[in-house]
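These are my notebook entries on a single model. I record what I looked up and what I found, entry by entry.

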Amino acid sequence: MKEYRVLEKSAVSASHKRRLIKDTLRRILRRQVSSELKKLTTSLSFLATCANGAPFIGLFGTVWGIMNSFHAIGSAKSAALAAVAPGISEALVATAIGLGVAIPATIFYNFFLGVLNGIETELVNFAGTFLNRVEREVSWVEPTGKSSTEE
């Protein structure tokens with residue numbers, strides 16, 4: 001609306017204003033839609049990082065736990081369950097934690113992405129409707145191209 005008011009008060013001829021209003025408002029609306037979407041998507045990359053990185057962190061913990069189990073086998077010189085159980089247990093806990101982070105992060109990432117796509121559609125639709133309405137109802141230019149002050 002600020003740009004509309006600036007253009008309305010400018011010394012440009014009414015027919016030139018009519019041509020400018022569409023392009024000017026389209027650029028402004030596009031910029032505002034992009035700005036809003038940028039604000040809304042700032043934390044989405046954190047969820048994507050958690051969803052993609054957590055399984056690898058869990059895998060690292062699994063490898064570490066199994067290495068501890070092999071170390072225990074070597075130290076005890078026995079492959080008895082008592083020697084390997086703590087390392088395997090650590091490995092399973094690390095895997096579970098990695099999956100416990102990755103699965104909800106993936107679900108919420110996809111959920112929020114869907115919501116954001118819906119918001120983007122609504123913003124774009126509003127921008128188009130607003131632009132159409134302004135073009136139809138511009139008070140300083142008649143639809144025939146004559147200025148309302150020329151008559």
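**Salt bridges and partial exposure**

I began with Arg-26, whose relative accessible area is 32%, so I list Arg-26 as partly exposed. The model is a predicted one, and I read every value below with that in mind.

I then looked up the partner of Arg-26. Its side chain meets that of Asp-23 in a salt bridge, at 3.9 Å from N to O. The cut-off for such a pair is 4 Å. Asp-23 has 42% relative accessibility and is therefore also partly exposed. Asp-23 and Arg-26 are three residues apart in helix α2, residues 14-40, which means that about one helical turn separates them.

How many salt bridges does the rule give? The count comes to two. I noted the pair of Glu-36 and Lys-39 next, with the closest N and O atoms 3.3 Å apart. Both residues belong to helix α2, and they too are three residues apart, about one turn of the helix. Is Lys-39 buried or exposed? With a relative accessible area of 53%, Lys-39 is exposed, because the threshold for that class is over 50%. Glu-36, at 31% relative accessibility, counts as partly exposed.

**Helix α3**

I turned to helix α3, which covers residues 44-76. It has 33 residues and reaches 48 Å from its first C-alpha to its last, close to the 48 Å expected at 1.5 Å a residue. I looked for a bend and found one of about 35 degrees at Gly-53. A proline, Pro-55, follows within four residues of that bend. After the helix comes Lys-77, and I recorded its positive phi, near 55 degrees.

Which residues of α3 are buried? I listed Leu-44, Leu-47, Ala-48, Ala-51, Ala-54, Gly-58, Gly-61, Thr-62, Gly-65 and Ser-69. Part of what covers these buried residues is α4.

I chose Thr-62 in helix α3 as a case to follow up. Its relative accessibility is 16%, so Thr-62 counts as buried; the limit for that class is under 20%. Setting aside neighbours within four places in sequence, I found Thr-62 in contact with Ala-91, Ala-94 and Thr-95.

**Helix α4 and the nonpolar patch**

I looked up the surface next. A nonpolar patch there is formed by Leu-40, Leu-99, Ile-103, Ile-107, Phe-108, Phe-111, Phe-112, Val-115 and Ile-119. Together these residues have about 800 Å² of accessible area. Which helix supplies the largest share of the patch? I entered helix α4, residues 81-137, which contributes eight residues.

Val-115 was the patch member I examined singly, and I placed it in helix α4. At 35% relative accessibility, Val-115 counts as partly exposed. That value meets the patch criterion, because members need over 30% relative accessible area.

**A separation in space**

My last entry concerns Ala-96, which lies in helix α4. Ala-96 has 47% relative accessibility and so counts as partly exposed. How far apart are Ala-96 and Gln-32? I recorded 43 Å from C-alpha to C-alpha, for a sequence separation of 64 residues.

Technical notes
Residues numbered from 1 in each chain as written. Predicted model: local features only at pLDDT ≥ 70, side-chain atom pairs only at ≥ 80, totals over all residues. Heavy atoms only, no water. Patch = residues over 30% accessible without salt bridge, like charges linked within 9 Å, V, L, I, M, F, W, Y side chains within 5 Å. Areas by Shrake-Rupley, 256 points an atom, 1.4 Å probe, with all protein chains shown as cover. Helix = DSSP H or I, 4+ residues; strand = E, 2+ residues; numbered from the N terminus. Buried < 20%, exposed > 50% of the residue type's maximum accessible area, 1.4 Å probe, protein only. Expected span 1.5 Å × (residues − 1). Bend = angle between axes of the 7 residues up to and from the residue. Contact = heavy atoms within 4.5 Å.
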